[in-house]
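Work through the exercises below with the model open. Try each task before reading its solution.

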Amino acid sequence: MRFGHFDDARREYVITTPRTPLPWINYLGSEDFFSLVSNTGGGYSFYRDARLRRLTRYRYNNSPLDMDGHRIYINDGGTIWNPGWQPAKTELDSYTCRHGLGYTILQGEKNGIAAAQELFVPRGDACEIDRLTLENKTAAPRTLDVFSYVEFCLWDAMDDSSNFQRNFSTGEVEVVESAIYHKTEYRERRDHYAVFWANAPVTSFDTSRDAFCGVYGGPAAPEAVKAGHCSNSIAHGWAPVGAHHFHLTLAPGEKKSIIFGLGYIENPVGEKFSAPGIINKARAEAMMARYATDAQVDAARRALADYWQELLSGWQLTSGEEKLDRMVSLWNQYQCMVTFNMSRSASYYESGTGRGMGFRDSCQDLLGFVHMIPSRARERILDIAATQFADGSSYHQYQPLTKKGNSDVGSGFNDDPLWLIACTAAYLRETGDWSILDEPVAFDNDVTRAQPLMEHLRRSFRNTHTHLGPLGLPLIGRADWNDCLNLNCFSSEPGESFQTTGPSEGPVAESVFIAGMFVKYGREYAELCDHLHLTEEAASARTAIDAVEQATLTAGWDGAWFRRAYDAFGAPVGSRECDEGQIFIEPQGMCVMAGIGRETGQAEAALKSVEERLDTPYGVVLLQPAYTTYRLNLGEISSYPPGYKENAGIFCHNNPWISCAEAVLGHGDRAFAVYKKTCPAYLEEISEIHRTEPYVYSQMVAGRDAPTFGAKNSWLTGTAAWTFVNISQYILGIQPTLDGLRVDPCIPHTLASYAVTRRYRGAVYHIRVENPHAVQKGVQSVTVNGAPIAGTLLPLAKAGENVEVVVTMG
Ligand code: BGC
């Protein structure tokens, strides 16, 4: 069953009923100010950091669901409704939600009044604009009471939701005409405030939640909305909110707009106050003046549309396969942008208070984003590298606001260092900007110990190489990619963190997955050394890599697939010797992507085993058989009931690894079949079962052992970046290399032709791939601007040039 449809021409997903199986959200903002908005107007806003600079409150695990948000109420003669249906839930005569690129439009109609709520974050400004357009579609004049409503968060979202003995006393506001200023803690150490404004004079307002909602009221039926007016309350402590009220009349056929804005303002310390205790509002006033008219808002919307048009124009696909085209050209790249901005911090499943930016997560997100704005990718690489320790290990997470490593979680996740090589190499392949390797970068944010980025990569490589276990495979530490495979943890106390309990380093537990990474990304490191003429270093790196490859083919091999790991006692994990958890997905994908076992046939065998043992119609499960009991020697993975999350769920992130691996072996049919299984647009018809948004990937779909089906944790997942790498580079075969763009597809034999527009190092390549012999792999000829070339590597074009490429497979 569907709950809406794709509107490809407008680049929107149009939701046609508010009763989606779960809130289906969108992200507004791509620089500093971010808002999440659901299809019923729920959501929240923050500036840069969802924990430390939270503007509005959100109750995640609430019932009823999704009550907090960007609210508009209409009281039409006692009938109270919202353009997005929630929270009043009055049945609407018509409803649509259009989620587009950085904007959302909620349209509701009730008794002849149409209301459109248009939300977006303008480019270059730290605010959200909410334009409400009301239309009287009847022949009689209509008088309405219209209200806006947001509930402020007292900045630190963690403290806000826990430290009530203090924060019930700290809330402060100021009101000047239609601008409501939230200034909690501004009197002391904060130099920032929020402003919630309207562009027209209000009839009344409220800033106290008790006054607006009523102590035992709530957003579903606020007392002020029921009464038809606010009480001009000024909050002192308790819960500061912002609510505007307009008493207005619409003539027959009349349309009227009210522009609301929610802004974040920082003042220099010396300019905080305009009078004792009164905040300096100059910057807020300037912001409000920028969005005072419809023409200004229209221009800001156009600038946003142009920005996205430009971003997406760098990678466009026309294949004739509608679902594929819309995912590749639009939604997958859009999600990559969101994961790049958010890492795993703020969604409807990630509260923004738990994790900041993940080291490995952000490095991987960059793989799907780097082609869009390389300059931001560059900045990100340098930020991430600065959270590395001098021995090459790294903090596992860092806060986006401070860019400092998060010591609650610390380090010891032994895959982390290698992801830094992965993303830097991807950046170099995309841009050819070798200067990044010379950039001085701090260790542990200590600038006195800065070293060139290349030295960081060297230490990443060395960190793995100097942490090998008894079998010559890399030690796993706290965990590798799979945060829940905790082989040195041995936790028996309820509530202990699996990620921080026990020694961070065990001398025995080894990871075959990190071995695969070391071979893949170690080789990429060696190529960088080649390029820098570090001949000896490249040679010794390759010797080290060869040894780990051998260990993987022997100690890491189980007979028909790659083992997953060795535990702290030296016993294999992911082996037929095990009673449960005999085969895992991760090493099969990573080792084959690294080319391990390609010559020996082991790679073919491993993927065959995946197909036989892990495949389902909706993706490849993480392991089989699922663990049915808690295992002290394995940690969190065995804490999940069978079929969920890392315990045999379909963990979408590593499905593309299998698809990439199939492409490495030339299996285009199977690579594409695996790609399609988890691809949202292909699952739209079963939205009632899948439950999450049909336009973005989710982290996890319940596996075949799970009693209930469906996906969870949509939006913030490395799946976005990896599926984009998978489809764009491995399947469609448009591959950035250190020396230029290569075209080497591995496609389903049924795909007869496709065209890609790809911006690369400033030039635009128009690539047409023809597949006249219905093959899956193999390039017969390539022409560039009509002239044949040898091989598949396109000559580098000059910035600004347009290049016509025709690739004929066969
Ligand atoms: C984390 C990733 C991790 C994955 C598998 C995600 O929730 O953000 O860093 O690789 O889970 O455990």
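**Exercise 1. Cysteines**

Task: State how many disulfides the structure holds, then examine Cys 230 and Cys 578.

Solution.
- Step 1. This is a predicted model. The count of disulfides is 0.
- Step 2. Take Cys 230. Cys 230 takes part in no disulfide, and the nearest cysteine sulfur, in Cys 213, is 10 Å away. A disulfide needs two cysteine sulfur atoms within 2.5 Å.
- Step 3. Check burial. The cut-off for buried is under 20% relative accessible area. Cys 230 has 6% relative accessibility, so Cys 230 counts as buried.
- Step 4. Repeat for Cys 578. The closest cysteine sulfur belongs to Cys 591 and is 16 Å from that of Cys 578, too far for a bond. Cys 578 has a relative accessible area of 13%, so Cys 578 is buried.

**Exercise 2. The ligand shell**

Task: Find which residues surround the ligand, and sort them by character.

Solution.
- Step 1. List the shell: Arg 344, Arg 355, Arg 360, Asp 361, Trp 481, Asn 482, Asp 483, Glu 646, Phe 651 and Gln 699.
- Step 2. Sort the shell. The residues split into 6 charged, 2 polar and 2 nonpolar.
- Step 3. Place the site. The ligand takes up the space of the second largest pocket.

**Exercise 3. Polar contacts and cover**

Task: Give the distances from ligand oxygen atoms to the side chains of Asp 361, Arg 355 and Gln 699.

Solution.
- Step 1. For Asp 361, a side-chain N or O atom is 2.7 Å from a ligand oxygen.
- Step 2. For Arg 355, the corresponding distance is 2.9 Å.
- Step 3. For Gln 699, a polar side-chain atom lies 3.0 Å from an oxygen of the ligand.
- Step 4. Add the cover. On its own the ligand has 310 Å² of accessible area, and the protein covers 95% of that.

Technical notes: Residues are numbered from 1 along each chain as its sequence is written. This is a predicted model: local features need pLDDT of at least 70, side-chain atom pairs count only at pLDDT 80 or more; totals for chains, interfaces and linings use all residues. Side-chain values use heavy atoms; hydrogens and water are left out. A residue is near a molecule or strand if one of its heavy atoms lies within 4 Å of it. A polar contact is a pair of N or O atoms within 3.5 Å; within protein, one must be able to donate a hydrogen and the other to accept it, and residues adjacent in sequence count only if both atoms are side-chain atoms. Accessible areas come from the Shrake-Rupley method with a 1.4 Å probe; for residues, only the protein chains shown count as cover. On a 1 Å grid over the protein atoms alone, a cavity is a set of points where a 1.4 Å probe fits but cannot get out, and a pocket is an open set with protein on both sides within 12 Å along at least five of seven lines; lining residues have an atom within 4 Å of a point. A molecule sits in a cavity or pocket if more than half of its atoms lie within 2 Å of its grid points. Ala, Val, Leu, Ile, Met, Phe, Trp, Tyr, Cys and Pro count as nonpolar, Asp, Glu, Lys and Arg as charged, and the others, Gly among them, as polar. Buried means under 20% relative accessible area, exposed over 50%, partly exposed in between (1.4 Å probe, protein chains only).
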